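I opened this notebook to record what I looked up in one structure. The entries follow the order in which I made the searches.

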Amino acid sequence: MTYLSISTGAGVFDAIAAGPPEGRPVLLLHGFPQTALAWRRQIAELAEQGCRVVAPDQRGYSPGARPQRPEDYRMSLLVDGP
């Protein structure tokens, strides 16, 4: 497994990646209150099967994508984006 930083308009997200770069892409998104590490077993298995797996720490869990104000977590913003 390798660790990545993914820059977006919403901030910089920490992520875990594994598997060959040319492998079938698989994106794993964690739920509340987990992090990308919740997928560690699946990441290893999928990578072993030849998939390119990326599991980011989602908004609020990555230090670079963590809004400071509570109102930045309003439902309208969470479903509509930054």
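The entries below concern strands, one salt bridge and one serine.

**Entry 1: the model.** I note at the outset that this is a predicted model.

**Entry 2: strands β1 and β2.** I began with strand β1, residues 2-8. I found that seven bridges join β1 to β2 and that these two strands run antiparallel. As one point on this pairing, I recorded that Ser5 stands opposite Asp14 in β2. I then looked at the connection: β1 and β2 form a hairpin, with two residues between them.

**Entry 3: strand β4 and its partners.** Which strands are joined to β4, and in which direction do they run? I found that strand β2, residues 11-18, is joined to β4 by four bridges, and that this pair runs antiparallel. Within this pairing, Ala18 has Val53 of β4 as its bridge partner. Strand β3, residues 24-27, is also joined to β4 by four bridges, but here the strands run parallel. I noted Pro25, which stands opposite Arg52 in β4. I next followed the chain from β3 to β4: the path passes through helix α1, residues 40-48, and this β-α-β crossover is right-handed.

**Entry 4: the cover of β4.** I asked how many residues of β4 are buried. The strand spans residues 51-56, and five of its six residues are buried, so I describe β4 as mostly covered.

**Entry 5: Ser62.** I looked for Ser62 and found it in the loop between β4 and α2, the latter being residues 75-80. Is Ser62 buried or exposed? Its relative accessibility is 0%, and because buried means under 20%, Ser62 counts as buried. I then listed what Ser62 touches, leaving out residues up to four places away in sequence: Val12, Phe13, Asp14 and Asp57. For Asp57 I also recorded a distance: its backbone oxygen lies 2.8 Å from a polar atom of the Ser62 side chain. Asp14, which Ser62 touches, is the residue I had already noted opposite Ser5.

**Entry 6: salt bridges.** How many salt bridges does a search of the whole structure find? The search finds one. I identified the side chains that meet in a salt bridge as those of Arg69 and Glu71, at 3.5 Å from N to O. I then checked the accessibility of both residues. Arg69 has 47% relative accessibility and therefore counts as partly exposed. Glu71, at 36% relative accessibility, also counts as partly exposed. Both values fall between the cut-offs of 20% for buried and 50% for exposed.

Conventions. Residues numbered from 1 in each chain as written. Predicted model: local features only at pLDDT ≥ 70, side-chain atom pairs only at ≥ 80, totals over all residues. Heavy atoms only, no water. Buried < 20%, exposed > 50% of the residue type's maximum accessible area, 1.4 Å probe, protein only. Pairing = 2+ DSSP bridges. Right-handed = clockwise from strand over helix to strand, strands pointing away. Salt bridge = Lys/Arg side-chain N within 4 Å of Asp/Glu carboxyl O. Polar contact = N/O pair within 3.5 Å; in protein donor to acceptor, adjacent residues only side chain to side chain. Contact = heavy atoms within 4.5 Å.
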